[in-house]
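This report looks at one helix and one strand, asking how each is placed in its surroundings. Please keep the sequence and the structure in view while reading.

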Amino acid sequence: MGQVEEAKVSCLNLVTCHRELLVSTLRSIQCILDNLLASGFFCEEDVEIVQRTVTKPNQVRKILELVQCKGEEACEYFIFILYKICDAYIDLQPWLKEVNYKPSRDIEEMRVVNTDPISRYCEKQRYEMSRDSSFIMSYGQEDETRLEDLYTDTVMELVNDCNESLGFVQGLDQLLGEDGVFNPQGEIIYVIGDAGVGKSILLQKLQNLWSKKELQTDAIFFFKFRCRMFSIFKEAEQMSLRDLLFKYNCYPDHDPDNEVFDYILRFPEKVVFTFDGYDEIQEAIDLTNGPEVVSPEDKANSLELLLSLLCGKLLKGSKKILTTRTGIELQSRVIRKKVVLRGFSPDHLKTYINLQFKEQEHRDLVSVQLDASPYLCGLCSTPLFSWIVFKSFRHLHTMHDIFHLPETSITLTDIFLLLSEVFLSHLATPASPLLKKSTRCTSETFRVGLRPLSGFAKLALQGLERGRFLCSQEEISECGLTEQDMALGFLRPVSNYDASDAPATFEFIHITLQSFFAAFALVLDEQATGSSILKFFTECSRRREPCCLPLALCTRSFVKPHEKKPFSTNEHLQFTNLFLCGLLSKTQASMMGLLVSPVLLKKKRALLKAYLSSSVKVHLEGLPHHTANEGRKVHVLPHFLWILRCIFETGSKDIAKMTAEGITSSFIKMGYCNVYSGDCTAINFVLQHRQKLLGLDMDNNNISDYGVKQLQPSFCKMTVVRLCVNNLSDSSIEVLAEELCKHKVVKVLGLYNNNITDAGAKLVAQIIEECPRLEVVKIGKNKITGVGGRYLANAVKKSTSIFEMGMWGNSIGDEGAEAFAEALRKHPSLTNLSLAANGIASNGGRCLAEALKENSVLRIFWLVQNEMTDDVAPHWAELIQADTGLSHLWFINNKFTASGIQHFADALASNTKLKEICVKGNQLSEEEQKQFESEKRLRFH
């Protein structure tokens, strides 16, 4: 009984003793009044007394006076409200912990209703975001698909500021977490990916998870924006941060004191922003001379507000996810972490097939066709293209009782023609009731649909020329499109960003589809000069390569307002060029001949052929070349890849042959050119016609196993095959082993940082054994153990040509080290060897040291980041004394102490050929390192 009385007194004491803290901290009082009234502690008169009080602090004082007058239970219920609705009273949570407040059993049974504006706004946001994000409307007509029924994860790779891999995102929660953060001061989670790879739907999934409280984050507010909206505001239109947040998302209800906005300003870490499509910003403003927006109350241009948010000038500490297409770079100092979307892996694609097709028979039929075409598999690794292909499968089956794609080479143009055929088929006359299925006639479908097709094409081209993604109802009507045409599904309505009664606007269901229709317009136009088809090629020349978009507050490099460009990136135009090549190909000649004059078609095709035939040669001639061991070398730009893609779309072997003849370099470097698996067919389409041998460096791309299969016909001519950092598995090595061992011309093989296991190592060993010209093998940072290390070491032992072997970052351990020791004995050619970061301990080190006494050829040996200790130091000292010719020996980050290093120092007195022994990062103090200062060849730094 005494304890109960003491508890009652303590609650009354809390309100009395901490009165000033409560007065200065409490902000949201309406929720307190509502609950005190509903529970019977306050009457209407009490509420009116509080509300008549003028200032907020005085209102709080009046509440405290009243609850104190009403006794202990009222005081405890008052504190219970603060405890229960923690989001609204977040400032008082530390105080509640400090006083060790725990509600009594009786109070816990009392009801508390959250009428706080902050909590209400959070719930309103969750409700509206759930409604907006639960269905996928991006790629359909009137039908809606539930997000959870179709969303499939893609490969998401974390990279650092130098675009080096940091691993892969295992779940969407990890996207907002600390994994992969390389700049804690940065504000932006930068998500990069190609067209159609799933950037927008990824954000939609994040929004949906947050709305259902299934996203692991403590953020209570979530604001989503599409970057293109910032391009449609009038230049003179000024708005505040409050306008931007609430007017273009949703307004808080019952918030006369602006508590929601104040909360956002005070706790920005509780806010998540998503900005979709940074590459779609079409305006540029001069912020070099303009004021930075640092006050949330100031009004400014909408783009200024966006940039101030992204740079952290406003709401610093909030989580901001920004998506953009590949090729748009920001300065690293504003980026917190960087994520690259790589599309579907084979497992992801299988999951997506299972979602798209419910019957196992259909799943098997689709899988068989994909397995038969590595190029089609490569295309389907991009979610957008995969959706089109599978939608076409279903359409052909439903309408025509066909369950296979046409027996032709499937190009990207073919894929988009299939999509157009699916949508245009709604114009077709229904089949006779006597016929179960209609007969498919693609040419007839396009002939019947020519009028709306022309209208959509004209609309798309006007958009690209004017630099616009959105179109008005008036512009649609001017292109001759009717409501019936709109129902075909090529366009979708765009909700007004400000919830006003402004006329509706529309957009193509995907930007790439707009590019496709723009290309159609260039082909169909019989009024313009024939050469007009090449205008976007000029726009996309290599001298106009995109680099950085205008994050001016961060980069301080910005164009003036009068220097506006239609698009900040030209990828939309590149796709238009690509589709133009496909539509003018001979494959499409019969169908296109029904839509446009065959004479004009032939003229346009000739102009395009003349341009493409010399474009690669012109591109390469404008690049610097230098001579290296591999021959005359050139590092191409991404535009080179676009040219090859265009040539492949034409399907013209003549153009491919002329292009191959124009490549005079003997070594082409395509590193960091954003090559994905589907591009490898285009590369092979040209390179297979080359007569001379060629070196090809495709490091740091995303070609995967599908891409290697597509390059297979070209490996017969390759002297250099560099495929490092490309997400390859053992199946790629099977292809390489078959081709390289057959033709035996390869000199350099680079497979660093892939997913090669011991099985793949065995195949690489076969290549080393059977290719007499092979000199360099880089196979570090894979998944090779001692078993695979033994395969490789035995192959090196038999080779008389290899002089450099890179094994850094595997796990061969002492077993693999012992095998390499045997390979090193009296080896005639190996001069450079790296066994760094392989878990090699003293036994392996001892074998290597002993074997090297019988080797006079090795010059550079890296044993960095291993596990060797002092007990092996005498053996290495004996090798050093033997003075075999070794010039560089690296023991960085092993476990040697001063005692072990002393053995090296003593031995160096008898050695004349070693230039350095690097021992940085071993177990020596700075004082111990100083005792070796006289021996300059011992490097501690």
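In helix H31, the residues His639, Phe640, Leu641, Trp642, Ile643, Leu644, Arg645, Cys646, Ile647, Phe648, Glu649 and Thr650 are buried, where buried means under 20% relative accessible area, exposed over 50% and partly exposed in between, with a 1.4 Å probe and protein chains only. Because twelve of its 13 residues are buried, H31 is largely enclosed by the rest of the structure.

The model is predicted, so that local features need pLDDT of at least 70 and side-chain atom pairs count only at pLDDT 80 or more, while totals for chains, interfaces and linings use all residues. Residues are numbered from 1 along each chain as its sequence is written, and side-chain values use heavy atoms, with hydrogens and water left out.

Helices (H or I, at least four residues) and strands (E, at least two) are DSSP runs numbered from the N terminus. The expected span of a helix is 1.5 Å times one less than its number of residues; for the 13 residues of H31 (residues 638-650) this gives 18 Å, which agrees with the 19 Å between the end C-alpha atoms. Just after H31, Gly651 takes a positive phi of about 70°.

Strand S8 (residues 271-276) is mostly covered, with six of its six residues buried. In a regular strand the side chains alternate between the two faces of the sheet. In S8, Val271, Phe273 and Phe275 are buried on one side, and Val272, Thr274 and Asp276 are buried on the other. Two strands pair if DSSP finds at least two bridges between them, and the pairings of S8 are tabulated here.

| Partner of S8 | Bridges and sense | Residues standing opposite |
|---|---|---|
| S6 (residues 221-226) | six bridges, parallel | Phe221 and Val271 of S8 |
| S10 (residues 319-325) | four bridges, parallel | Lys320 of S10 and Phe273 |
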